[in-house]
Amino acid sequence: MDQIIVRGNGPLHGEIPIAGAKNACLTLMPATLLTDQPLTLTNAPRLSDIRTMTDLLRSLGAEVASLQDGQVLALSSHDLNSHTADYDIVRKMRASILVLGPMLARDGQAIVSLPGGCAIGARPVDLHLKAFEAMGAELDLRDGYVHAKAPVGGLRGAVIDFPIVSVGATENALMAATLARGTTVLKNAAREPEIVDLAQCLRRMGANIEGEGTSTITIEGVQALSGATHPVVTDRIELGTYMLAPAICGGEVECLGGRIDLVSAFCEKLDAAGIEVTETDRGLKVARKNGRIRAVDVVTEPFPGFPTDLQAQMMALLCMAEGTSVLEEKIFENRFMHAPELTRMGARIEVHGGHATVHGVDKLRGARVMATDLRASVSLILAGLAAEGETVVSRVYHLDRGYEKVVRKLRGVGADIERIKGTPSDE
Ligand SMILES: CC(=O)N[C@H]1[C@@H](OP(=O)(O)OP(=O)(O)OC[C@H]2O[C@@H](n3ccc(=O)[nH]c3=O)[C@H](O)[C@@H]2O)O[C@H](CO)[C@@H](O)[C@@H]1O
Ligand SMILES: C=C(OP(=O)(O)O)C(=O)O
């Protein structure tokens, strides 16, 4: 297995280009299943999750061509030949469940393996399934698969009031509703920028949608959708991650393509911690010019709140703050697995249930650490950039799910980081 080696190397200076959003692209790609016309996505990120979604769509009979070094994805679901999303692919990635709504809406049937839980929490899909039931689908759970059938004449519009905010359930129901008969109203819908991006793409394809970015989304079903070309929105989590690099190490880095509206709750916390963020013509410039980082408390919430996907990286920053910070994780029940690894580097962190108390220390020291999930892995790299000595991060396949060219991007601003190829016997 590959490892990443980081050595603390002082302040960082330069620019980092931010890619298209993994979490937007993973919901835009299944939208191809809603139409027999071509869908082209530009500004796609080059990630292993995107390759997994490509494999899944191809297994259903869709064509997916990766062009311009993977930044353009040309998709066509003209000739779908399978209704089954197989366990072997679905188990690799939870976002695979997003093929269920489009397949059900277009073909009236779908068999999709349950994605199961993962390291950060149980992550059931009950809200997705309840939404389809409200639209008239019959669902049966057998042998680890959801067997779904639309009623004769297709899915029906429905009022769906989500008991908790779910990004994936909102996306799945939104896609299914575009082809349902009549009106669907999604209440307590997720408001994430990736939902807005999906709605904009679906509208380009001819869907009739209002209210994306608010808690109520109204969809008037149409007979058929057409093709479209759509640019994937900037990855706000990659953006926030790289904004933390100069915050932790000092220096000044411009994140190209960054927008404040994508990360405003996060920027408020950076400001409170004493980090300067300035909007430029090309993105966001981040600097820590003077003094020590100040402790701040953080609570993760659905958008527009502080994102759970930046909690681990923010913890890496707060490990070296002056004073004590409390981080409360409200989205996932098991998302502090980076804490014991950061402790190996000299951090002082106590975890009690959904709260982590971080007592800032003067410095971190390099250590051998293990990535346990995607955002945990990058938090260890961030901590390693500021630590004295060498940090060796193993299990970096987690990182490849969500960060393209991480070594190149960080080296470009002066970081001392390298990737060491593993041998099969390490695995
Ligand atoms: C591919 C993708 O876009 N992933 C993101 C998406 O995940 P994902 O869409 O899986 O996350 P959700 O917003 O659905 O999850 C929010 C909460 O709802 C719970 N829940 C969800 C669905 C359901 O049917 N039942 C249920 O109980 C989950 O366990 C969790 O506690 O949003 C999360 C929250 O911002 C992010 O951390 C993930 O990076
Ligand atoms: C949790 C994440 O992704 P996923 O929902 O694909 O597991 C993430 O992007 O941080």
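At what angle do helix α4 (residues 100-107) and α6 pack, and how far apart are their axes? The first legend below takes this up, and the others move on through this predicted model.

**Figure 1. Close-up of helix α4 against helix α6 in the predicted model.** Helix α4 (residues 100-107) and α6 pack at about 15°, and their axes are 8 Å apart. Angles under 35 degrees count as roughly parallel, so α4 and α6 are roughly parallel to each other. The crossing in which α4 passes α6 is right-handed. On the α4 side, look for Leu100, Gly101, Pro102, Leu104 and Ala105; on the α6 side, the contact is made by Asn172, Ala173, Met175 and Ala176. Sorted by class, the residues of this contact are seven nonpolar, two polar and no charged.

**Figure 2. Close-up of helix α10 against helix α12.** Here helix α10 (residues 311-318) meets helix α12 (residues 374-386), with about 20° between them and their axes 8 Å apart. That angle makes α10 roughly parallel to α12. The two cross in a right-handed sense. From α10 come Ala312, Gln313, Met315 and Ala316, and they meet Arg375, Ala376, Val378, Ser379, Leu382 and Ala383 in α12. This contact of α10 with α12 has seven nonpolar residues, two polar and one charged.

**Figure 3. Close-up of helix α8 against helix α12.** Staying with α12, we now turn to helix α8 (residues 236-249): the two axes come within 9 Å and cross at roughly 25°. That makes α8 roughly parallel to α12. The crossing of α8 and α12 is right-handed. Thr241, Leu244, Ala245, Ile248 and Cys249 are the α8 residues to find, and in α12 they meet Val378, Leu382, Leu385 and Ala386. The class count for the contact of α8 with α12 is eight nonpolar, one polar and no charged. Val378 and Leu382 of α12 appear in this view and also in the α10 view.

**Figure 4. Close-up of the contact between domain 1 and domain 2.** The protein is divided into domain 1 (3-19 + 234-426) and domain 2 (22-231). Their C-alpha centres lie 31 Å apart. Domain 1 gives 18 residues to the contact, and domain 2 gives 14 residues. On the side of domain 1 that touches domain 2, the residues divide into seven nonpolar, three polar and eight charged.

**Figure 5. Close-up of the surroundings of ligand 1.** Ligand 1 is surrounded by 21 residues, and the closest are Asn23, Leu127, Ser166, Val167 and Gly168. Elements giving two or more residues to this shell are α1 (22-28), α5 (126-134) and α6 (167-177). Helix α6 will be familiar from the view with α4. The shell around ligand 1 holds 11 nonpolar, six polar and four charged residues. Domain 1 (3-19 + 234-426) and domain 2 (22-231) each supply at least three residues to it.

**Figure 6. Close-up of the surroundings of ligand 2.** Eight residues lie around ligand 2, and Arg94, Ala95, Asp309, Leu374 and Arg375 come nearest. Arg375 is also one of the α12 residues that meet α10. By class, the shell around ligand 2 has three nonpolar, two polar and three charged residues. Which domains give residues to the shell around ligand 2? Both domain 1 (3-19 + 234-426) and domain 2 (22-231) do, so ligand 2 lies between them.

Conventions:
Residues numbered from 1 in each chain as written. Chains lettered and ligands numbered in written order. Predicted model: local features only at pLDDT ≥ 70, side-chain atom pairs only at ≥ 80, totals over all residues. Near = placed C-beta within 6 Å. Nonpolar A, V, L, I, M, F, W, Y, C, P; charged D, E, K, R; others polar. Domains from an automatic or database assignment. Axes fitted to C-alpha atoms, helices over the stretch in contact; angles between N-to-C directions. Helix = DSSP H or I, 4+ residues; strand = E, 2+ residues; numbered from the N terminus. Parallel < 35°, antiparallel > 145°, perpendicular 65-115°, else oblique. Left-handed = near helix turned anticlockwise from the far one by under 90°. Contact = placed C-beta atoms within 7 Å.
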